[in-house]
Amino acid sequence: SSFAHQHFLVGVEGRVDLPLSCSFCWGNSVERKIYIPLNKTAPCVRLLNATHQIGCQSSMNGDTGVIHVVEKAQDLKWVLTDGPHPPYMVLLEGELFTRELMLQLKGSSRISGLAVAISKPSPAQGFSPGLKCPNDGFGVYSNDYGPQYAHCNWTVWNPLGNGLAYEDFSFPIFLLEDANETQVIKQCYQDHNLPQNGSVPEYPLCAMQLFAHMHAVTNTVTCMRRSSLQTAFSLNPEEVCDALSDYNVWSTLKPINASSKINPVDEVIIVATRIDSHSFFWNVAPGAESAVASFVTHLAAAEALHKVPDVQMLPRNIMFTFFQGETFDYIGSSRMVYDMKMDKFPIRLDNIHSFLELSQVALRNSSVLWVHTDPVSRRNESIQPQVETLVEALINSSVGANVTLQEVGQSQPLPPSSFQRFLRAKSIPGVVLADHRTSFQNRYYQSMYDTAENILMKYPEGLSPEETLDYVTDTAKSLAEVATVVARALYQLAGGTGNTSAIQADPRMVSRMLYGFLIKTNNSWFQSIIKQDLKGLLGDELPQHYIAVTSLVNTTQLVQYVLANLTGTVVNFTKEECLNPEKTPNPEKEMYVYTWVQGSRDPNSTSRVPFCVQSTVHLTKAASPAFELKQWGSTEYSTWTESRWKDIRARIFLIASKELEIITLVVGIAILILSLLATYFINAKAHVLFSSPGDGGTVAY
Amino acid sequence: MTTAVFIGCSFIAFGPVLALCVCTIAAEPLSLVFLITGGFFWLVSLLLSSLVWFIAVQIGGSNNASVKKNFLIFGVVFSVLLQEVFRFAYYKLLKKANKGLMTVSQEETIPISVRQLSYVSGLGFGIMSGIFSLVNILTDSLGLGSAGIYGDSPQYFLSSAFMTLAIVPLHVFWGIVFFDACEKKKWWAPALVILSHLLVSGLTFLNPQYDGSLVPSYIIMMLMGTWAFFTAGGSLRNLKLCLMCRDKDFLLANQHPR
């Protein structure tokens, strides 16, 4: 759908993503005496695909357990065998959050839940809860196409992957993001739960309760069937799961009419990156190396290309595409390929001249950037020379830049990339650029530790937020080099004949984008390029890049606005003309999208100077075709869904012994019986007890 | 703390009340009406005193803990005084109502004696007071947590229930003594009632030292109980007769021919 007609959809009914009560009026004063709520936590939720359910589940009314802090492996013995008050709620240090420990906990019935304290600094040995072979079975390599490359038989891309995020746990697992809250829990544990000199700790004990009850079960087929039954037959439908979906962002170098198809003879070069990531916990997906660095480089290359004066005369067009949902079996790219095949997209598969993808590019070892190609399609005589041209253009563009382009072995398969989905549909010449030759350089692939520190972004001490925004880090310089190489290569591939040395990506812009997408979205530059009424878009906490189920997550919108700002032009329209471009007839206007952005703030005044941006940035739906076709058990397309839930929260409190409870009950019943007997007795004798002498028997009582 | 604690604490606090209502009030519709009206009067007095406290806090407007405590003490004193004022008002209302009832009804004797009225109104005040003190605590006792994470005593629920167990009969005894004193124009008695009410409420500020607040409250309850017993027409002789089961002989012996 076009830029100007998007809606800002609030969370779907039945989902409570934000606590509804205000922070100072939660609970009454008695409740505040008893419970300490844990506010800065992230849950692990249930995701489902065609065949499995993954993630965690708690009981309907939360799971409670006595807290036990596990700081070294021996502490686990207390929880699993020795402790006298099962079930236990384990508070785990981030370093110990490994597959072996989790499998031990999974098998035990003495665990009622787990809270993981995020480890600062990140674990030195690396941590990746993703799979060793990401998106296996949904890429291009299968038993019919390059069987020796299928299932990572040739190269294991993510050797540190322990697959934890794809296991199914029957107890809730929460992440404690705030070190202060972790300290509060540990203090409570030390005050009440520590065994004193080998003796058993006594009641009252410190306990934790985690609420994270998921409504969906088994797999996507089951939950979608139940949801569709509900929507069809119930007056108040209670859906149980939602498909992961969002929007892809795309833009063309030369404007095209997005509502009609382009000329079949026209050729388009597609540049692609992914913009999402994932981790074990819900909505924790910093994705610095796996997504952000790549799309920031892509944005910088797009900006550099748009500055070249003769781009509108280039023989071939270039489409800059940002795919959402690639982490979950290529949701965005599979949908785009499907739309191209079904003729629902302005560009057809036959229009694609070549494909260039930027995979993980931030951790280059001694400035080498590796060029991956698909060995199977290269056996085709028409594809092979085109691939060679592609690689040659890239190598030519790297002359003079601090980037050394090297091809990986010709028999090595492609790493997990959106290009694989295009290859499934048609053999297209294309390359994937990455900083790794065989397995990933990223030791925190799809984990909560894939942050700015992972891509070595370092800022000097004592800078204000504005100074930090404009400070150019070494990472930014390195990514700008890659963007320069990509832009120059694209210029050549698109048929440009001029001198490419003038094409340069701006390291300052790269640094600003990295700051905005990795550290704080609420900065002055982002504020100046968004629309006026989208205040909720920019926040002060660390940005996360998870696809989620609500439409248009912050990441997608921000990429859209940044792309519009970097590749669009400022036009002198009034607000009315900008918001309603169809009112002023002009054939040119159908090729462009107009946005009224709020502009930057004058240093002297408090108001902003808004203006109109003309760009070619469009949004297209990124929902798996499996849901359009209602093939919920599909093995062809992604079938990932996220369960719905009502209440997700965590709190700690003291629990009393069962004996005290029973004593209270018995005392209560005893007092009741005693008072009944006494009252009956007094009532029966009242006429005697309360008569004064001389009253006789006629006291009216 | 769980359902067991909820039921236990409810029975501890409201066991005697339940027994009294079942045995003495439930069968008499008039008593029931006056009971509920008494409860309503107590509720109005609480509403007014809490309004005054709320306004005072807003005007004072400080976040200091000791200032808040001072406001609370002021609020409690004012509330106690207002409750006794409303007790007096209820007494006056009941006297008027009794006169009215007499003219309307066809009986020759008053349908309900002042003694019974004093007992019923005291019980009404007590029930309402007990409910208000305890219902918030009871709802939270249903949950899994027990007080103590901020340093409160783990016996919080139990001691609150026992305090209510003392307060409810206290209100009954105060009612009996108060009405009797108003009938007989003995003005020192209501003053003593007010003083003891202030004392018991003041003792709750000693929490969480429950031995400091519960034990004296129970002692005061016993003392007021004996005073009320004697005011209501009891005497040691009657008590001895009842306990030794010689009441039947007493009745026979006391039968005067009309």
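In this predicted model, A:Tyr330 is buried, its relative accessible area being 1%. Its place in chain A is the loop that links β13 to α7 (331-341). The backbone here deserves a second look: phi of A:Tyr330 is near 60°, a positive value in a residue other than glycine. Most residues other than glycine have a negative phi, and most peptide bonds are trans. A:Asn283 likewise has a phi near 60°, again a positive value in a residue other than glycine. This asparagine is found in the loop between β12 (268-274) and α6 (288-307) of chain A. With a relative accessibility of 34%, A:Asn283 counts as partly exposed, whereas A:Tyr330 is buried.

Cis peptide bonds also occur in chain A. One joins A:Lys120 and A:Pro121, with omega at about 0°. A:Pro121 sits in the loop running between β7 (111-117) and β8 (173-176) of chain A. Another cis bond leads from A:Tyr203 to A:Pro204, and its omega is near -5°. The loop between α4 (179-192) and β9 of chain A is where A:Pro204 is placed.

That loop leads on to the strand pairings of chain A. Strand β9 (residues 205-214) pairs with β23(A) in the antiparallel sense, over 9 bridges. Within this pairing, A:Phe211 stands opposite A:Arg649 of β23(A). Strand β23 (residues 645-655) of chain A is also joined to strand β1 (residues 36-38) of chain A, by 3 bridges, and these two strands run antiparallel. Here A:Leu38 has A:Ala650 of β23(A) opposite. Strand β23(A) thus has antiparallel pairings with β1(A) and with β9(A).

Strand β11 of chain A offers another view of the fold. How many of the residues of strand β11 (residues 245-252) of chain A are buried? The count is 8 of the 8, so the strand is largely enclosed by the rest of the structure. In a regular strand the side chains alternate between the two faces of the sheet. Strand β11(A) is joined to strand β21 (residues 617-623) of chain A by 7 bridges, and the two run antiparallel. In this pairing A:Trp250 has A:His618 of β21(A) as its bridge partner. A further antiparallel pairing, over 4 bridges, connects β11(A) with strand β13 (residues 317-323) of chain A. There the bridge partner of A:Thr252 is A:Met319 in β13(A). Strand β13 also borders the loop that holds A:Tyr330.

A contrasting setting is seen at A:Leu235, in the loop between α5 (220-233) and β10 (241-243) of chain A. Is A:Leu235 buried or exposed? With a relative accessible area of 89%, A:Leu235 is exposed. From A:Leu235 to A:Leu194 the separation is 41 residues in sequence and 53 Å in space, C-alpha to C-alpha.

Attention now turns to the contact of chain A with chain B. Chain B contributes 52 residues to this contact and chain A contributes 44 residues. Between them, the chains bury an area of about 4,100 Å², with 70% of it given by carbon and sulfur atoms. On the side of chain B, the residues that lose the most area to chain A are B:Asp140, B:Leu144 and B:Ile149, together 15% of what that side buries. Across the interface there is 1 salt bridge. A:Lys33 forms a salt bridge with B:Asp152, and the closest N and O atoms are 3.5 Å apart. The interface also has 4 residue pairs in polar contact, with both residues at pLDDT 80 or more.

Several helices of chain B build its side of the interface. The elements giving two or more residues to it are α1 (3-25), α4 (114-141), α5 (156-184), α8 (236-243) and α9 (247-254) of chain B. The largest share, 14 residues, comes from α1(B). By class, the side of chain B that touches chain A has 30 nonpolar, 17 polar and 5 charged residues.

Helix α4 of chain B also holds B:Ser129. This serine is buried, at 7% relative accessible area. What is B:Ser129 in contact with, leaving aside its neighbours within four places in sequence? The contacts are with B:Trp42, B:Ile167 and B:His171.

Terms used:
Residues numbered from 1 in each chain as written. Chains lettered and ligands numbered in written order. Heavy atoms only, no water. Buried < 20%, exposed > 50% of the residue type's maximum accessible area, 1.4 Å probe, protein only. Pairing = 2+ DSSP bridges. Contact = heavy atoms within 4.5 Å. Buried area = accessible area lost by both parts, 1.4 Å probe. Salt bridge = Lys/Arg side-chain N within 4 Å of Asp/Glu carboxyl O. Polar contact = N/O pair within 3.5 Å; in protein donor to acceptor, adjacent residues only side chain to side chain. Nonpolar A, V, L, I, M, F, W, Y, C, P; charged D, E, K, R; others polar.
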